[in-house]
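Reader: I am new to this structure and would like to understand the reasons behind the words used to describe it. Could you take me through them?

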Amino acid sequence: MLSMKNISKVFKTDLVETHALRDFNLEVAEGEFVAVTGPSGSGKTTFLNIAGLLEGFTQGDYFLDGVNISNMSDNKSAAIRNEKIGFIFQGFNLIPDLNLAENVEVPLRYRGFNAKERKRRVQKALEQVGLAARMKHLPSQLSGGQQQRVAIARALAGEPRFLLADEPTGNLDSMMARQVMELLEDINKAGTTIIMVTHDAELARRAQRNIQIVDGQVCDFTMYQSGEGHQGGERASEKPHLVTESHVSLNQDKVAS
Amino acid sequence: MFFYYLDLAWRSIKKTPLMSLLMVLAISIGIGITITTLNVYQLMSENPAGERSDKLVAVQLWSQGKDAWKEFNNQLTYQDAYNLRKSDVPVRQTAMFITGLALQTEDPDFVPLLESVRVTDSDFFDMFSVPFIYGKAWDKGVDTEALYQVVINEVLNKQLFSGEDSIGKTLYLDSKPYQIVGVTKTWSPSPLYFDVTTGAFKDSAQIFVPFSLAPIEEFQSWGNNQSWKRESINNYSQRLNSEMHWIQFWAEVQDDKQRDEYAQWLKRYVEQQQLIGRFDSPEAAAQLSNVAQWLELNEVVPEDNKILVGLSALFLVVCLVNMLGLLLAKFLKRAPEIGVRRAIGASRAQIFSQHMVEVGLIGFGGGVLGLVWAWVSLSLLSSRFDLEQSLTHLDTSMWLIAPVIAIFAALVAGTYPALRICSTNPSVHLKSQ
């Protein structure tokens, strides 16, 4: 499903080169629920942005569904994002001026579905998250947990095969977080591959596989058997990778000058 | 998607009404000024003869002596006009000038009016495509055997006869009875190209009388009278035989061949006049100009007007620069939302289109408001400076031109802000929302 080989991502300024990802390798099989953890600044979000085709990378190969993503045009990557990938963000990122139905409808508009099909999918997605009755409400009229469920509905409306969640419960209280997590688990059970970045070790443990990123590299894999018959990912590294160098280097030429 | 973008644009405009209003105002002021100057320029530079422009030719003769002015005069002497009327080369021809006569009717209560009257030949009406609602021009025979006949226009006919068919009725000009033979529709080409001697942007006369009556009734010229020769003119007969230039002369030719034939005829006429001691300048010649050439020759559209249009276009550019700044601020403020849209599948092209539709909508609003400004400023020009109506009415073409210019200008101003917003990295804004 997702295959990253020797991916590097370097952010350059005049003085500093920051290696957000270095020789990053990861395989995610179809139907997996992978939790990504790691300290702040370790490269989790960069990994998620690259996985979601929101950012390019400096080196390496990235295959999504067998398609090589390297040097893909903006139109193509936008189409892949629209058709195959669903996003859930920590801050929900709903468009405040649009009501729930219109928010969920946005990706379907870009997909070119007709009005009837859009309506059907919006209805279905909002029913799935239990908010069909409030489709005319504005996001500001909902609680945080409800807004996140709308964001999930928006991600699901396009029936993606791949869901990327960046700390989806980060802004929610524990009860809301549990509800959202249960919803994600249900979605995963229905066959959607999920990669979730989280700081919450408890939530991470509920995923099938836990990946730890430290200083831009995959540090450890841990398999959790859910007993639900999912395929699960293969162990990619026998040992935790020990990071001994700083992932920020100074540009010596610039410094000297 | 266009209607979706239109819906988003309308929501965005409603969301920031003050900023949107400022942008609409900025572009509308620029458009208003541009359309005002463009409107005046267009009305001044219009060729009112249309397809007949090449067939109608103004006749000029270098008849003045060698010490006189060094250019063709716009008008002829009476004796030259009289002689030229005898040519059988052109299809039609007419001599003419403007006079002023006191108008009375048979109604004893009618207060006499001093009216401007065009003294002309019967061909005038066909040559310049004057439409009639009642009757027609006087017969051709009247051009040689004078009769007291008159053609009036629709406005005067309404004033005098309540708009009824007045053919055969009598009106009095300088106390002489004239029989009405024709009533024209309201007709006033702009510019009034067949007589630019007293200004090309005035209304046409309401009354037309036969040129053949001039020597009988001794009509005085209300137009320009130019003379290069010191002559004693004590009576009308002396005026008719003088070298004073006061008659306009136009001819109609079928095609270029006939125009050349007529030019040859005029050349021979000049030579004949030289033989009898007139036209003693070495530059003596005849010149024919079609309507377009005539308008250019007489600089009906002054160069200043072109400069004014250029300056107003520059002002529009200044307005657009202001609009660009406002758009940039507005669009970049929306970057987080655009980040979300990009993340969930919008391509750069789609985001660009969305913003260009919004810019186009603002431009359209500016265009419509600009038309209102143009209408207001033309009305003010008309009332404050007493300009002719023909120059200050908003031409119908401007109803289309203004929104098109406004939308185009707005799209030009909006391109950079739209490019900026669609090229922002979505991932930067997703985390920060």
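**Reasons behind the words**

Author: In this predicted model, Gly112(A) follows just after α3(A) and takes a positive phi of about 90°. The helix before Gly112(A) is mostly covered, with ten of its twelve residues buried, including Leu100(A), Val104(A) and Tyr110(A).

Reader: What makes a residue of α3(A) buried?

Author: A residue is called buried if 20 or more other C-beta atoms lie within 10 Å of its own, and Asn103(A), Glu105(A) and Arg109(A) are among the residues of α3(A) that are buried.

Reader: Why are α4(A) and α5(A) called oblique to each other?

Author: Helix α4 (residues 115-128) and helix α5 (residues 144-157) of chain A pack at an angle of about 135°, with their axes 8 Å apart. Angles over 145 degrees count as roughly antiparallel and those of 65 to 115 as roughly perpendicular, and the angle here falls in neither class, so the two helices are oblique. Their crossing is right-handed, and the contact is made by residues including Arg121(A) and Leu126(A) of α4(A) and Leu156(A) of α5(A).

Reader: How do you know that β6(A) and β7(A) pair?

Author: Pairing needs at least two bridges, and four bridges join β6(A) to β7(A), so the two strands, which run parallel, count as paired. One of the residues involved is Ile88(A), whose bridge partner in β7(A) is Ala165(A).

Reader: What makes both faces of β6(A) covered?

Author: Ile85(A) and Phe87(A) on one side are buried, and Gly86(A) and Ile88(A) on the other are buried too.

Methods: Residues numbered from 1 in each chain as written. Chains lettered and ligands numbered in written order. Predicted model: local features only at pLDDT ≥ 70, side-chain atom pairs only at ≥ 80, totals over all residues. Axes fitted to C-alpha atoms, helices over the stretch in contact; angles between N-to-C directions. Parallel < 35°, antiparallel > 145°, perpendicular 65-115°, else oblique. Left-handed = near helix turned anticlockwise from the far one by under 90°. Contact = placed C-beta atoms within 7 Å.
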